[in-house]
Amino acid sequence: MTEAAGANGSLALEGEGQETLRSWRAYAALALGAVLFVFTIWYQVYGDTRIDALGWSDPLLQSHRQWRVRTAFLFLVWSILAGFCVPFGFGWLVFVPLWLWFVYRVTKGMILFGMRRVI
């Protein structure tokens, strides 16, 4: 990881540092998904699946990118299905375990990413 002075004189991270920072931001966006669901899906689709993210050579970043995308996608699909159950009165039976699973996946991913372990 190297630092370089930007045009305005501030220090900016280059290379792997930016990719790592982007991964931390993606985890933060995913964690916010428990409350701000639409923002999370937008960030996962736009910010985490762009062409430059697909070209990452670091297996750690690739495995965590796939972990976040799968988590966001499954949360989206199950939330839609749970939403259809709400009018029948048992939507909360799907939403509560789904939300707990989501929190578990985000927490586990962040811990393993902090430990620099591939999932």
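This passage describes the fold, helix packing, aromatic pairs and selected residues of a predicted model.

The protein has 5 helices and 2 strands. Along the sequence, the elements run in the order β-β-α-α-α-α-α. The chain holds 119 residues, and 34% of them count as buried. Among contacts with a separation of 6 or more, 59% join residues 24 or more positions apart. The exposed surface comes to about 7300 Å². Carbon and sulfur atoms supply 71% of that surface.

Helix packing was examined for α4 and α5. Two packed helices are described by the angle between their axes and the distance between the axes. Helix α4 spans residues 59-85, and helix α5 spans residues 92-114. Their axes come within 10 Å and cross at roughly 170 degrees. An angle over 145 degrees counts as roughly antiparallel, so α4 and α5 are roughly antiparallel to each other. On the α4 side, the contact is made by Leu60, Leu61, His64, Trp67, Arg70, Thr71, Leu74, Phe75, Trp78, Ser79, Ala82 and Gly83. On the α5 side, the partners are Val94, Phe95, Leu98, Trp99, Trp101, Phe102, Arg105, Lys108, Gly109, Leu112 and Phe113. By class, this contact has 15 nonpolar, 5 polar and 3 charged residues.

Aromatic rings were considered next. A pair of aromatic rings is described by the distance of the centres and the angle of the planes. The model has 4 aromatic pairs. In one of them, the ring centres of Phe75 and Phe102 lie 4.1 Å apart. The planes of these two rings meet at 25 degrees. Planes under 30 degrees apart count as stacked, so the pair of Phe75 and Phe102 is stacked. This pair links distant parts of the chain. Phe75 sits in helix α4 and Phe102 in helix α5, 27 residues apart. Phe75 has a relative accessible area of 6%, and Phe102 has 1%. Buried means under 20%, so Phe75 is buried, and so is Phe102.

Phe88 and Phe90 also form a pair. Their ring centres are 6.4 Å apart, with the planes at 25 degrees, so this pair too is stacked. Phe88 is exposed, with a relative accessible area of 65%. Phe90 counts as partly exposed, at 38%. Elsewhere, ring pairs link Trp24, Tyr27 and Phe113 into a cluster.

Two buried residues, Ser23 and Leu61, share several contacts. Ser23 belongs to helix α1, which covers residues 16-32. The relative accessible area of Ser23 is 0%. Beyond neighbours within four places in sequence, Ser23 is in contact with Trp56, Leu61, Arg68 and Phe113. Leu61 lies in helix α4. Its relative accessible area is likewise 0%. With neighbours within four places left aside, Leu61 is in contact with Glu19, Thr20, Ser23, Trp56 and Phe113. Trp56 and Phe113 thus appear among the contacts of Ser23 and among those of Leu61. Phe113 is also one of the α5 residues that meet α4. The C-alpha atoms of Leu61 and Arg117 are separated by 9.7 Å. These two residues are 56 residues apart along the chain.

Ala82 is another α4 residue. Ala82 counts as buried, at 0% relative accessibility. Not counting residues up to four places away in sequence, Ala82 touches Gly91, Val94 and Phe95. Val94 and Phe95 are among the α5 residues in the helix contact. The C-alpha atoms of Ala82 and Trp92 are 7.6 Å apart, with their positions 10 residues apart in the chain numbering.

Trp99 is found in helix α5. Trp99 counts as partly exposed, with a relative accessibility of 40%. C-alpha to C-alpha, Trp99 and Trp78 are 10.0 Å apart. Their separation in sequence is 21 residues. Trp78 is listed on the α4 side of the helix contact, and Trp99 on the α5 side.

Arg116 is found in the segment after α5. Its phi is near 60 degrees, a positive value in a residue other than glycine. Arg116 is partly exposed, with a relative accessible area of 41%.

Note on methods:
Residues numbered from 1 in each chain as written. Predicted model: local features only at pLDDT ≥ 70, side-chain atom pairs only at ≥ 80, totals over all residues. Heavy atoms only, no water. Helix = DSSP H or I, 4+ residues; strand = E, 2+ residues; numbered from the N terminus. Buried < 20%, exposed > 50% of the residue type's maximum accessible area, 1.4 Å probe, protein only. Contact = heavy atoms within 4.5 Å. Areas by Shrake-Rupley, 256 points an atom, 1.4 Å probe, with all protein chains shown as cover. Axes fitted to C-alpha atoms, helices over the stretch in contact; angles between N-to-C directions. Parallel < 35°, antiparallel > 145°, perpendicular 65-115°, else oblique. Nonpolar A, V, L, I, M, F, W, Y, C, P; charged D, E, K, R; others polar. Phe/Tyr/Trp six-rings, centres within 6.5 Å; stacked < 30°, edge-to-face > 60°.
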